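Subject: Structure handover

Hello,

I am passing on the structure we spoke about, with notes on what turned up in it. Please look at the structure first and then read on.

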Amino acid sequence: MSAETSIDERAVAAAAEIVLAKLGLSLDQVADVAKPKVMPTFAEYAPEVAKTTPASSSETWKFYWKVLVDEWGDRPIDEPRASEINQLANLVQQRAAAKSPSYTGQGARSLFIDAVKCFYRCAAGDKLITLAESPVATIKNSKHRNTSRRALTPRELTDINRAAASSGPDPLLDSLLLRLHSETACRAGGALNLRRRDLNPMDCSILLREKGGKNRRQPVSPTLFEALLEHINSRVPGCEPNDQVLRLRNGIPLHYHNYQTFWNRIWRVLPWAKALGVTSHWLRYTTLTWVERSFGYAVAAAYAGHAGPGTSSDRGGVTLTYTSATIHEVAAALSALTGEPHPLAEFATLQTEAIDIGARADGPPLPSIAGTSEHADNPARLRGDQ
């Protein structure tokens, strides 16, 4: 190569750098664009998505990411078309509907679409693919689905409480679970995420970590609070603040599949519960319906932990800007539900003549944490020794 040619190349490179600088680019950036992208497969990328997703959402969606891995594990993530995503969503719906006569599977389909959208948002963040190019770009997900869920009747709740306390090997845990969901209207994720450090004896409340990475402080009755403390202290002695509260008899932390095992047993005892597809979420419906009827919509929205106005998931509309309820009003509603005084309730600005706080109102029956079965007087059975 001649010296003259070398000088020409340097001049061309210098001129190119000047042009790129005016465009806000560098030679390195142009070189990166020119490099062929190595697209990961679903099996390779799914663990990365799980690591970057909030734990509360990851617990819900990881089942559906597994579906992607099982069906398309060896395929690059930019390969499937929108039609294939819809076909796989339909398959997820069919599998869910086959579990119970009451299931349509629509909820599972919607969760699958949410999980896939999260998957591709993460891929877009890593610059593997743009959202516009992703196969979910044109897929719409209906958030307003018809549901067969409703508030349970007092008789239905009583039957469930009795079945839980009499049919399983661990009636103490079962009745504690029912009481926790009935009092707080928490979701399964909120119950499973409960840690020792989330139990606040100063104001008799617990911290619930639920879907979307949202945290909320929820008042509980003294009865439930003492039961939660006794439960974790007996099943995992110590003072480690991050210990999960809800545990099996052998001390293993409770997991989502334990909920399904619990309700499968209830369904065997109560065929009507299987026909309706009753789960823990029905307890949430029941409590929130009672709170709304007794204390109004604003208190029910706060009790549910729904996002306030001005957030990306506003569930209450503009009105709640002016009428949103406080934790003290939530405590007042809890006190009326349980018939137990609560330290936060005395600060409530709530005025009601229909309900005398501290006296049990005509609300949903709450399970006895000590069990309500014919075996409730057997201490060994309640400890799980039998």
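Lys127 sits in the loop that runs between helix H6 (106–125) and helix H7 (154–167). The model is a predicted one, and in it the phi of Lys127 is near 60°, a positive value in a residue other than glycine. Most residues other than glycine have a negative phi. Lys127 is exposed, with a relative accessible area of 65%.

Cys204 is another non-glycine residue with a positive phi, about 55°. Its place is the loop between S1 and strand S2 (205–210). Cys204 is buried, at a relative accessible area of 9%. Gly305, which comes after H14, also has a positive phi, near 75°.

Helix H14 itself covers residues 297–304 and is mostly covered, since six of its eight residues are buried. The buried residues are Ala298, Val299, Ala300, Ala301, Tyr303 and Ala304.

Now the chain as a whole. Its secondary structure comes to 17 helices and three strands. The chain has 386 residues, and 45% of them count as buried. Among the contacts with a separation of 6 or more, 64% are between residues 24 or more positions apart. The accessible surface comes to about 20200 Å², and carbon and sulfur atoms hold 55% of that.

Next, the salt bridges. A search of the whole structure gives 18 of them. Here are three, followed by a network.

The side chains of Arg179 and Glu183 form a salt bridge, with 2.7 Å from N to O. Why can these two side chains reach each other? Arg179 and Glu183 are four residues apart in helix H8 (residues 171–184), so about one helical turn separates them. Arg179 is buried, with a relative accessible area of 8%, and Glu183 is buried too, with a relative accessible area of 0%.

A second salt bridge joins the side chains of Arg196 and Asp243, at 3.3 Å from N to O. This pair links distant parts of the chain, with the two positions 47 residues apart: Arg196 is in the loop between helix H9 (188–192) and strand S1 (199–200), and Asp243 is in the loop between helix H10 (222–235) and helix H11 (256–269). Arg196 has a relative accessible area of 13% and is buried. Asp243, at 14% relative accessibility, counts as buried because the limit for that word is under 20%.

The third salt bridge is between the side chains of Arg216 and Glu210, with an N to O distance of 3.0 Å. Arg216 and Glu210 are both buried. Elsewhere, salt bridges with shared partners join Arg75, Glu79, Arg81 and Glu84 into one network.

Arg196 comes up again in connection with Pro237. Pro237 is found in the loop between H10 and H11, and Pro237 is exposed, with a relative accessible area of 65%. If neighbours within four places in sequence are left aside, Pro237 is in contact with Arg196 and Ile232. Pro237 and Gly251 are 14 residues apart along the chain, and their C-alpha atoms are separated by 9.5 Å.

Last, the empty space inside. Rolling a probe the size of a water molecule over the atoms shows where empty space is left. How many cavities of 30 Å³ or more does a search of the whole structure find? The search finds one, and the volume of the largest cavity is about 30 Å³. The residues lining the largest cavity are Leu177, Leu178, His181, Tyr259, Phe262, Trp263, Ser280 and Leu283. H8, H11 and helix H13 (280–295) are the elements that give two or more residues to this lining. By type, the lining residues of the largest cavity are six nonpolar and two polar, with no charged residue. H8 therefore appears twice in these notes: the helix holds the Arg179 and Glu183 pair, and H8 also contributes to the cavity lining.

Regards

Definitions and conventions: Residues are numbered from 1 along each chain as its sequence is written. This is a predicted model: local features need pLDDT of at least 70, side-chain atom pairs count only at pLDDT 80 or more; totals for chains, interfaces and linings use all residues. Side-chain values use heavy atoms; hydrogens and water are left out. A salt bridge is a side-chain nitrogen of Lys or Arg within 4 Å of a carboxyl oxygen of Asp or Glu. Buried means under 20% relative accessible area, exposed over 50%, partly exposed in between (1.4 Å probe, protein chains only). Contact means heavy atoms within 4.5 Å. Accessible areas come from the Shrake-Rupley method with a 1.4 Å probe; for residues, only the protein chains shown count as cover. On a 1 Å grid over the protein atoms alone, a cavity is a set of points where a 1.4 Å probe fits but cannot get out, and a pocket is an open set with protein on both sides within 12 Å along at least five of seven lines; lining residues have an atom within 4 Å of a point. Grid points are joined across faces, edges and corners, and a volume is the space filled by probe spheres set on the points. Ala, Val, Leu, Ile, Met, Phe, Trp, Tyr, Cys and Pro count as nonpolar, Asp, Glu, Lys and Arg as charged, and the others, Gly among them, as polar.
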